[in-house]
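Trainee: I should be grateful for guidance on how to read this structure. May we take its features in turn?

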Amino acid sequence: MLRAVCWRGPSTCHMLQGPALVGSLFRVRSSQSTAESVQERQKRLMAGGLPKQKVIPGVKQTIVVASGKGGVGKSTTAVNLALGLAANDLVVGLLDADVYGPSIPRMMNLRGNPELTDSNLMRPLVNFGIVCMSMGFLVEEAAPIVWRGLMVMSAIEKLLRQVDWGQLDYLVIDMPPGTGDVQLSISQNIPISGAVIVSTPQDIALLDAQRAAEMFRKVSVPVLGIVQNMSVFQCPKCKYEAHIFGADGAKALATKLGLDVLGDIPLHINIREMSDKGQPIVVSHPDSPEAKAYLRLTAEVVKRLPTPPG
């Protein structure tokens, strides 16, 4: 197994030291509380501010693809967005930040362990011209990752900063679903050019999509817009169109939040089949209506990004 996996050890060590550390902090805070008022203590803590954001060496811009819940096609969108960017002669990386359920290795048809550089950085795996990193490269495909929060945070930090990304125009990050520790940690620790929110038109999915958009706004990450995924199904025989998950729900949410709809992606069997085969629709069927929908989405995303440095 790859030597790079050994970084799990220090994280475990920190967790074992946790009770003693918490106890020590509690004693310090208890003594402090006798010497200063609640208001003074709040001012002192707030003076520290949020963690200082540090750029990822070599990465010009970072785009996060997020959703409030799983099962809405977020990873498929992230993969095809990255490939759409690369189709415009841009150098693109793809980071799978879903530690518990990594799907990028299967979708990008990548297997194996990253090699280490002379400086002990992990070298990303490459396919379709995209450099990729995922926890799925470091563990067996069916192996469960049974980690607590501190270990997940440590893993995300390593996947971001202990990887030789090279020189990238864009790094696309496939976020885990929800609005938890990983989303908050990434948003506060690296500069993000924009967030893309993916949702189906279904009311239940839209509720969580709104939470995701509001979370990014609270941490000052620009929300580029919403992708309405699985918007319509067209019968391959009679061409009848059915709105299985509802009609234009994401468009209504975008209007409510003052955002744009970046793309309208149909529910099509080719998208699912090609993703499962590790042949994303943008590269396997570039002239299909489905691929063109992703390419239009890519163009809308680029239009809303700031001008990259250099």
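The discussion below goes from the whole protein to its sheet, its helices and two single residues.

Mentor: Please keep in mind from the outset that this is a predicted model.

Trainee: How many helices and strands are there in the protein?

Mentor: The protein has 12 helices and 10 strands. Of its 310 residues, 46% are buried. The surface that the protein exposes comes to about 15800 Å², with carbon and sulfur atoms supplying 56% of that area.

Trainee: What share of the contacts with a separation of 6 or more is made by residues 24 or more positions apart?

Mentor: Such residues account for 76% of those contacts.

Trainee: In what order do the strands of the open sheet stand?

Mentor: One reads a sheet from edge to edge, not along the chain. Here 8 strands form an open sheet in the order β3-β4-β2-β5-β1-β6-β7-β10, and the pairing is mixed. At the edges stand β3 (125-127) and β10 (261-264); each has a single partner strand, so one side of each is left without a neighbour in the sheet. From one strand to the next, the twist averages 25° on average across the sheet.

Trainee: How is β5 joined to β2, and do the two run parallel or antiparallel?

Mentor: Strand β2 (residues 92-96) and strand β5 (residues 168-174) run parallel and are joined by 5 bridges. Among the pairs, Val-92 has Tyr-170 of β5 as its bridge partner, and Gly-93 has Leu-171 of β5. Strand β1 is also parallel to β5, with 6 bridges between them. Val-64 stands opposite Ile-173 in β5.

Trainee: Why is β5 described as largely enclosed by the rest of the structure?

Mentor: To judge this, one counts the buried residues, those under 20% relative accessible area. In β5, 7 of the 7 residues are buried, so the strand is largely enclosed by the rest of the structure.

Trainee: Which strands does helix α6 touch where it packs on the sheet?

Mentor: Helix α6 (residues 149-161) touches β2, β4 and β5, and its direction makes about 170° with that of β2. The buried residues of α6 are Met-151, Val-152, Ser-154, Ala-155, Ile-156, Lys-158, Leu-159 and Leu-160.

Trainee: What span should the 13 residues of α6 have at 1.5 Å a residue?

Mentor: The expected span is 18 Å, and the end C-alpha atoms of α6 are 18 Å apart, which agrees.

Trainee: Let us turn to single residues. Where is Ser-231 found, and does it count as buried or exposed?

Mentor: Ser-231 is in the loop between β7 (223-228) and β8 (233-234). Its relative accessibility is 5%, so Ser-231 counts as buried. Beyond its neighbours within four places in sequence, Ser-231 is in contact with Pro-201, His-243, Gly-246, Asp-264, Ile-265, Pro-266 and Leu-267.

Trainee: In which helix does Arg-272 lie, and how does Arg-272 count at 47% relative accessibility?

Mentor: Arg-272 belongs to helix α10 (residues 269-276). At 47% relative accessibility, Arg-272 counts as partly exposed, since exposed means over 50%. Although Arg-272 and Gly-73 are 199 residues apart along the chain, 9.4 Å separates their C-alpha atoms.

Conventions:
Residues are numbered from 1 along each chain as its sequence is written. This is a predicted model: local features need pLDDT of at least 70, side-chain atom pairs count only at pLDDT 80 or more; totals for chains, interfaces and linings use all residues. Side-chain values use heavy atoms; hydrogens and water are left out. Two strands pair if DSSP finds at least two bridges between them. Helices (H or I, at least four residues) and strands (E, at least two) are DSSP runs, numbered from the N terminus. Axes are lines fitted to C-alpha atoms, for helices over the stretch in contact, and angles run from 0 to 180 degrees between N-to-C directions. Contact means heavy atoms within 4.5 Å. The expected span of a helix is 1.5 Å times one less than its number of residues. Buried means under 20% relative accessible area, exposed over 50%, partly exposed in between (1.4 Å probe, protein chains only). Accessible areas come from the Shrake-Rupley method with a 1.4 Å probe; for residues, only the protein chains shown count as cover.
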